[in-house]
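Hi,

Here is the structure I promised you. Have a look, and my notes follow below.

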Amino acid sequence: MTGDPAEQPTLDTGRPRRRNLISLTPLIDVVFILLVFFMLASSFLDWRAVELEASMK
């Protein structure tokens, strides 16, 4: 070996490289937990409207 990058050994075996797939399960879990949290949190909010009196002078 003379240090030429073209002469460096490669690990290419000729097979197509398999991509690592990202699992969607943790994402779905987080979305579900957020959905449950906001559903429970919204039930404690006071949805009554403020009564206003309109007076015309």
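How many aromatic pairs does the structure hold? Just one: the ring centres of Phe37 and Phe38 lie 5.2 Å apart with the planes at 75°, so the pair is edge-to-face. (Rings of Phe, Tyr and Trp, the latter by its six-membered ring, pair with centres within 6.5 Å; planes under 30 degrees apart are stacked, over 60 edge-to-face, the rest tilted.) Phe37 is partly exposed at 49% relative accessible area, and Phe38 is exposed at 52% (buried is under 20%, exposed over 50%, partly exposed in between, with a 1.4 Å probe and protein chains only).

Keep in mind that this is a predicted model: local features need pLDDT of at least 70, side-chain atom pairs 80 or more, while totals for chains, interfaces and linings use all residues. Residues are numbered from 1 along each chain as its sequence is written, and side-chain values use heavy atoms, without hydrogens and water.

As for the fold, the chain has one helix and zero strands (DSSP runs, H or I of at least four residues for helices, E of at least two for strands, numbered from the N terminus). Helix H1 covers residues 25-42 and includes Leu35, which is partly exposed at 48% relative accessibility. Of the 57 residues in the chain, 0% are buried.

Cheers
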